[in-house]
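This briefing goes through side-chain interactions and burial, grouped by topic. Please read it with the sequence and the coordinates at hand.

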Amino acid sequence: YLEEVDLATVESHTRVDVDKETGDPLRTQMVYVDEHTCIGCTNCAMIAQSTFFMHEEHGRARVFQQWGDDDETIQIAIETCPVDCIHYVPYEELVRLEEERRDQNINFKARLVNQSENSMSHQVGGAVRFTAPQTISGNMGSRCNNCPSRGCRDCPMYGVGKNPEFERKEKERQARIERGRLKRERDAQQKRAEL
């Protein structure tokens, strides 16, 4: 599966399954690794191999396929992270984070010294500009485990399949699919009747 993906440039938001009619993602909950916090332990990439991989350049975990593994496997991978750097985020935020990540320059040596991403000390070969850690909604304030802090009603962490907003959208999506199926059947029967 990994052979098909260019791991150097892959952005998981480009590979998200979407509703063909509305263009909306089928799931509201996405997974994102904060590479500034990640220590490269490989736990997530070893457990959920169809979702996470280890980025060669930075030695950090990254998501290449949203929900490539089942929900339980991904949750186990997240729970094994020793630094809690894997977050659930809404799709719109995932797009923003992955686009911001394109130009990031992580000071990987700072992790060994003082965790200061913007520190100018311990640099070799002159001044190098390192990017600051990204602002991830899952990092703000008190929250449920990795809450995207959009409020409980829209929260993808409300419970697997139990979020009332998700269930409402899913019922609408299933009804559209059923209406489309019935319309295709009627059209096929009408064609047969005309023949």
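In this predicted model, Lys183 has a relative accessible area of 45% and is therefore partly exposed. The side chain of Lys183 forms a salt bridge with that of Asp187, with an N to O distance of 3.3 Å, and the points below set this pair beside the other charged, aromatic and cysteine contacts.

**Salt bridges within helices**

- Asp187, the partner of Lys183, is likewise described as partly exposed, its relative accessibility being 34%.
- Both residues belong to helix H5, which covers residues 164–194, and because Asp187 and Lys183 are four residues apart there, about one helical turn separates them.
- An α-helix has 3.6 residues a turn, so residues that are three or four places apart point the same way.
- In helix H3 a salt bridge joins the side chains of Glu100 and Arg96 at 2.9 Å, N to O, and this pair, too, is four residues apart in its helix, or about one helical turn.
- Glu100 is partly exposed at a relative accessible area of 39%, and Arg96 is also partly exposed, with 31% relative accessibility.

**A salt bridge between separate elements, and a network**

- Eleven salt bridges are present in the structure, one of them between the side chains of Arg62 and Glu35, where the N to O distance is 2.6 Å.
- Arg62 is part of strand E3, while Glu35 is in the loop between E1 and helix H1 (43–47), so this salt bridge ties together parts of the chain that lie 27 residues apart in sequence.
- Arg62 and Glu35 are both buried, in contrast to Glu100, which is partly exposed.
- A network of salt bridges links Glu35 and Arg62 with Glu98 and Arg101, and the latter two are among the buried residues of helix H3.

**Burial of helix H3**

- Helix H3 spans residues 91–101, and its buried residues are Glu93, Leu94, Val95, Leu97, Glu98 and Arg101.
- The elements that cover these buried residues include strand E1 (29–33), strand E3 (61–63) and strand E4 (86–90).
- Strand E3, which takes part in this cover, also holds Arg62 of the salt bridge with Glu35.

**Aromatic pairs and a charge over a ring**

- The structure has two aromatic pairs, and the one made by Phe53 and Phe64 is edge-to-face, with 5.9 Å from centre to centre and 70 degrees between the planes.
- Phe53 lies in strand E2 (residues 52–54) and Phe64 in the loop between E3 and helix H2 (71–79), so the contact ties together parts that are eleven residues apart in sequence.
- Phe53 is buried at 5% relative accessibility, and Phe64 is buried at 0%.
- Trp67 and Tyr88 form a stacked aromatic pair, for which the centre to centre distance is 6.3 Å and the planes are 5 degrees apart.
- Since Trp67 lies in the loop between E3 and H2 and Tyr88 in strand E4, this stacked pair ties together parts that are 21 residues apart in sequence.
- Tyr88 is buried with a relative accessible area of 3%, and Trp67 also counts as buried, at 15% relative accessibility.
- The ring of Trp67 has a further partner in Arg27, whose charged end sits over that ring at 3.7 Å from its centre.

**Asp19 and its surroundings**

- Asp19 is located in the segment before E1 and is buried, its relative accessible area being 9%.
- The side chain of Asp19 comes to 2.9 Å from the backbone nitrogen of Glu21.
- When neighbours within four places in sequence are set aside, the contacts of Asp19 are with Asp24, Leu26, Arg173 and Arg176.

**Cysteines without disulfides**

- How many disulfides does the structure contain? The count comes to zero, the cut-off for a disulfide being a pair of cysteine sulfur atoms within 2.5 Å.
- For Cys38, the closest cysteine sulfur belongs to Cys85, and at 4.4 Å it is too far for a bond.
- For Cys81, the closest cysteine sulfur is likewise that of Cys85, and at 3.6 Å it is also too far for a bond.
- Cys38 is buried at 4% relative accessibility, and Cys81 is buried with a relative accessible area of 14%.

Conventions
Residues are numbered from 1 along each chain as its sequence is written. This is a predicted model: local features need pLDDT of at least 70, side-chain atom pairs count only at pLDDT 80 or more; totals for chains, interfaces and linings use all residues. Side-chain values use heavy atoms; hydrogens and water are left out. Buried means under 20% relative accessible area, exposed over 50%, partly exposed in between (1.4 Å probe, protein chains only). Contact means heavy atoms within 4.5 Å. A salt bridge is a side-chain nitrogen of Lys or Arg within 4 Å of a carboxyl oxygen of Asp or Glu. Rings of Phe, Tyr and Trp (its six-membered ring) pair if their centres lie within 6.5 Å; planes under 30 degrees apart count as stacked, over 60 as edge-to-face and the rest as tilted. A charge sits over a ring if NZ of Lys or CZ of Arg is within 6 Å of the ring centre and within 35 degrees of the ring normal. A polar contact is a pair of N or O atoms within 3.5 Å; within protein, one must be able to donate a hydrogen and the other to accept it, and residues adjacent in sequence count only if both atoms are side-chain atoms.
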